[in-house]
Amino acid sequence: MTKQEQKAIQTAYKDFPLYKAAYKPLKQWENELRQCHITPEETFIEVIKSIEAIRDSTTPEFDFAAKWDELFAELYDNNPNSESDTKHATAIIMCLLVLYLLQCGSKYNTLSYNLTLQIVKNYGAAGVSAIQKTFLANFALYGDEKLKSAVAEYMQSDKSISNEIQNLLANIQITDENATAQIVDCQNRFSIKQILILAQYAFDLSFASNMSNQSAIAEFLSKLTGYGKQSIRTKIPNITAMSQATQREAADLVRELEAIGAKNLANLIKNNIQE
């Protein structure tokens, strides 16, 4: 999860009890688990998704019989560096889930018990107890009754925070893509040489005078980029013969393309430089 995505969730849910009541210990564990880096926001999402699945399931005991295995596998696939840290992160998420379920009275006692057995089996009773004590101490600081009321209310609602977060993160991605695509000013936009190199490979163009209408190409790229037609036209001959200066322009362009994920196009230009 990017810093921007974390910040968006923090801003949107900073006062939501299921996020706020657990934030402090989750932030502490984030700093400690260096080999399985999981943020408070990622833990919040996992717990909310599980709560909503439990709330909407007709047979929660059956559906969540292998919750530890599923969650551990997902975390380990993303952070295959430390089994110990991954077990710790899995235990943190599941302990928080269980503690929230216990706020709802007797309805979810059986499921809470079965989930706790899974945690203890894989992480040990002492480890589970330590995590629970840390959470409960912070719950007390937040307000036990306030948290209990908020959890119970959410379990009885049809609201879906996981969908809200999914839409929130999707909007961030769209905004980032649009910002990347825009040429905001002369200082930050591609140079004329870089634009010519990009056009050459993106549109499979040849700038050789006997194979293309250089004036028409210059006019098209002028309308596309805002550069003057004549400025572009005079640079075209320099692209057909790759000078050292043009190679540097091309190398900078390759880095820009790789940064925005256009790897195939970047590789085409990179191969041409090397040739």
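**Entry 1: H7 against H9**

I began with two helices of this predicted model, H7 and H9, and noted that they are oblique to each other, because their packing angle of about 50° falls outside the ranges that count as roughly parallel, roughly antiparallel or roughly perpendicular. H7 covers residues 83–101 and H9 covers residues 125–142, and I read their axes as 10 Å apart. I then looked up the hand of the crossing, which for H7 and H9 is right-handed.

Next I listed the residues that make this contact: from H7 they are His88, Ala91, Ile92, Cys95, Leu96, Leu99 and Tyr100, and from H9 they are Val128, Ile131, Gln132, Phe135, Leu136 and Phe139. Sorted by class, the contact of H7 with H9 holds 11 nonpolar and two polar residues, and no charged residues.

**Entry 2: H6 against H7**

I turned to H6, which spans residues 67–78, and found that the axes of H6 and H7 come within 9 Å and cross at roughly 130°. H6 and H7 are therefore also entered as oblique to each other, and H6 passes H7 in a right-handed crossing.

On the H6 side I noted Lys67, Trp68, Leu71, Phe72, Leu75 and Tyr76, while H7 contributes Glu83, Thr86, Lys87, Ala89, Thr90, Ala91, Ile93 and Met94. By class, I entered nine nonpolar, two polar and three charged residues for the contact of H6 with H7. I also marked Ala91 of H7, since this residue is listed in the contact with H9 and in the contact with H6.

**Entry 3: glutamine 194**

Is glutamine 194 buried or exposed? I found a relative accessibility of 8% for glutamine 194, which therefore counts as buried, the cut-off being under 20%. Glutamine 194 has its place in helix H12, residues 192–202.

Leaving aside residues up to four places away in sequence, I found that glutamine 194 touches Glu249, Asp252 and Leu253. I also looked up isoleucine 239, which lies 45 residues from glutamine 194 in sequence, with 9.5 Å between the two C-alpha atoms.

**Entry 4: confidence**

Before closing the page I checked the confidence values, and found that the mean pLDDT of the protein chain is 83, with 88% of its residues at 70 or more. Over residues 176–187, however, pLDDT stays under 50, and the model has three contacts beyond four places in sequence for these residues. Where pLDDT is low, the predicted coordinates should not be read in detail. I have therefore left the three contacts of residues 176–187 without further reading.

Key: Residues are numbered from 1 along each chain as its sequence is written. This is a predicted model: local features need pLDDT of at least 70, side-chain atom pairs count only at pLDDT 80 or more; totals for chains, interfaces and linings use all residues. Side-chain values use heavy atoms; hydrogens and water are left out. Axes are lines fitted to C-alpha atoms, for helices over the stretch in contact, and angles run from 0 to 180 degrees between N-to-C directions. Helices (H or I, at least four residues) and strands (E, at least two) are DSSP runs, numbered from the N terminus. Angles under 35 degrees count as roughly parallel, over 145 as roughly antiparallel, 65 to 115 as roughly perpendicular and the rest as oblique. A crossing is left-handed if the near helix is turned anticlockwise from the far one by less than a right angle, and right-handed if clockwise. Contact means heavy atoms within 4.5 Å. Ala, Val, Leu, Ile, Met, Phe, Trp, Tyr, Cys and Pro count as nonpolar, Asp, Glu, Lys and Arg as charged, and the others, Gly among them, as polar. pLDDT is the predictor's confidence in each residue, from 0 to 100. Buried means under 20% relative accessible area, exposed over 50%, partly exposed in between (1.4 Å probe, protein chains only).
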